[in-house]
Amino acid sequence: MESLTNRKKVVEQKPMTFLERIYLPAIFQGLGITMKHFFRKKATIQYPDVKREFSTNFRGIHSLKRDEEGRERCTACGLCALSCPAEAITMIAAERKPGEEALYREEKYAATYEINMLRCIFCGFCEEACPKEAIYLDGDIPPANFDRDNFIYGKDKLVEPIHKK
Amino acid sequence: MELSIIIEKFLLITVVLVVSLVVAMYMTLVERRFAAFFQDRLGPNRAGPWGILQPLADGVKLFTKEEILPANANKLLFIVGPSLAMFTATIGSAVIPWGRDLVLGDRVISLQVADINIGLLYIFGVVSLGVYGMMIGGWASNNKYSLMGAIRAASQSISYEIAMGLAIIAILMVTGTLSLRGIVEGQSSSLMGISGLGWNVFYQPVAFLIYLICMFAECNRTPFDLPECESELVAGYHTEHSSMKLGFYLFAEYINMFVSSAVVSALFFGGYNFPGQDALAASGVHANIITIIGLAAFFLKIAFFLFLFVWVRWTIPRFRYDQLMRLGWNMLVPLAIANIGITGVVMYLTGHIK
Ligand code: SF4
Ligand code: SF4
């Protein structure tokens, strides 16, 4: 039969030579290999004592950022929710009242903003879609929990604490 | 006089028993740690410094686990099985000469529990008794898979015992004695001008290789661990055993390793002989000190073989059952017989036999 690709390999089944059949040379070779690993540097990290550093492009829990004056940057435009392939983000927008200028940067803000961490696949599209640089996935690994409800992160968990000046 | 000999032997037996139990206990830790090292991990190192309390934790765990006696098991045999495995593992050490005689004043203390002149036959008897522990354990569980595991174990043990015995015959031809002390003493001669290096392994390398392979098989260690491989072949003969009864089986395996390491060191690696011992004796060092160095040398050799057990276990994959049988019957047995023949011819040509 004509092969569909040029990657086809014919499997050869040569009878084993005597040296191969008595296994011993192969066994000694194997012993040498494992011995080398015996003295290698170990890859283990003593986990609870030492934590491994995340790589620079690690994506963890989302956080909603504030600007330099401590105002929430998010303007509830919904672009993150729209770009989210897992449909993990929901929000309700509200209008800024007079006197709240110190709290929200734009006239519109997210009254509730929830991310369902069980749905989120940490693709980072929300971060990419946001026009206001309001959301970043720069947190830790979401901690385990016994209740599904606790995996819906509201603004209490997402918004950065106000910087102490 | 009689009483002092009894006390002396009793002490010696206690020491040997305690040493082999402690070695077996810590071999579990060493095995796990070294296994980790071979795989670029660290292994259990949390309980105490370097994890030295881990065996105690394991012991407590095994003792406090629930005892399960299967409803249809033969209650008596179910308990006898692990006990027998443990018993046969420990009695093997009785004929091993641990060192030369210690001289304290006018008392000569022999560092061997029983110097019987058929020591080697005794070892073989004990080794073949070990099959009963597995077989009874598998049978008493009243579980088809355990029974199959037990049969696997028994047939493997019996097959490799034959090759082992044949390999030993070549050694017997060279040494001319069945007493283990005699065999060890016979290796105190010198090789290439170095005294205490006349080890049998240099005269009988093939017998050593065969013996080593059979030893691994008798101890049910990888690559011959089909009788009790835990995960892939339904644990084996101890499937139904739980808590310390299982612990006994596992423990017996480690004691077996220790005893067979001692036997192979005595048979092929000169036992308590060490290179340069005659020069040391000639330079006026006290005989007791040489005895103690010899004892240390012996334990060093044992340690090497224990390490070899671990090393091989984490290198080689398990044999398939037909490969295992082919290796035993088609390769090792003929090789051992050929070795006997060649040994005889060489001994005749060099004038050892008339
Ligand atoms: S990281 Fe991806 S899946 Fe998670 S909320 Fe953002 S867009 Fe949705
Ligand atoms: S894209 Fe940015 S600004 Fe728009 S709703 Fe999402 S977080 Fe808020």
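Start with chain B and its contacts (heavy atoms within 4.5 Å): of those between residues at least 6 apart in sequence, 78% join residues at least 24 apart. Before going on, note that this is a predicted model, where local features need pLDDT of at least 70, side-chain atom pairs count only at pLDDT 80 or more, and totals for chains, interfaces and linings use all residues. For finding your way, residues are numbered from 1 along each chain as its sequence is written, chains are lettered from A and ligands numbered from 1 in the order in which they are written, and side-chain values use heavy atoms, with hydrogens and water left out.

**Stop 1: all of chain B**

Select chain B and switch to cartoon. You should find twelve helices and two strands, where helices (H or I, at least four residues) and strands (E, at least two) are DSSP runs numbered from the N terminus. Going along the sequence, the order is α-α-α-β-β-α-α-α-α-α-α-α-α-α.

Now show the C-alpha trace: along its principal axes it spans about 65 × 50 × 50 Å. The radius of gyration of chain B is 21 Å, which agrees with the value near 20 Å for a compact globule of 354 residues. That radius is taken over C-alpha atoms, and the globule rule is 2.2 Å times the number of residues to the power 0.38.

Turn on the surface next. Chain B exposes about 16100 Å², with carbon and sulfur atoms supplying 73% of it; the areas come from the Shrake-Rupley method with a 1.4 Å probe, and for residues only the protein chains shown count as cover. Buried residues (under 20% relative accessible area, 1.4 Å probe, protein chains only) make up 51% of the 354 in this chain.

**Stop 2: helix 4 of chain B**

Select residues 119–140, which form helix 4 of chain B. The end C-alpha atoms of this helix are 32 Å apart, in agreement with the 32 Å expected for 22 residues at 1.5 Å a residue; the expected span is 1.5 Å times one less than the number of residues. Just after the helix, click N142(B), which has a positive phi of about 55°.

**Stop 3: S157(B)**

Move to helix 5 (residues 144–175) of chain B and pick S157(B). At 1% relative accessibility, S157(B) is buried. Leaving out residues up to four places away in sequence, S157(B) touches V131(B), M134(B) and E218(B).

**Stop 4: T75(A)**

Finally, hop to chain A and select T75(A), in the loop between strand 1 (63–64) and helix 3 (79–83). T75(A) counts as buried, at 14% relative accessibility. Show E106(A), K108(A), Y109(A) and K132(A) too: T75(A) touches these, not counting residues up to four places away in sequence.

Conventions: Buried < 20%, exposed > 50% of the residue type's maximum accessible area, 1.4 Å probe, protein only.
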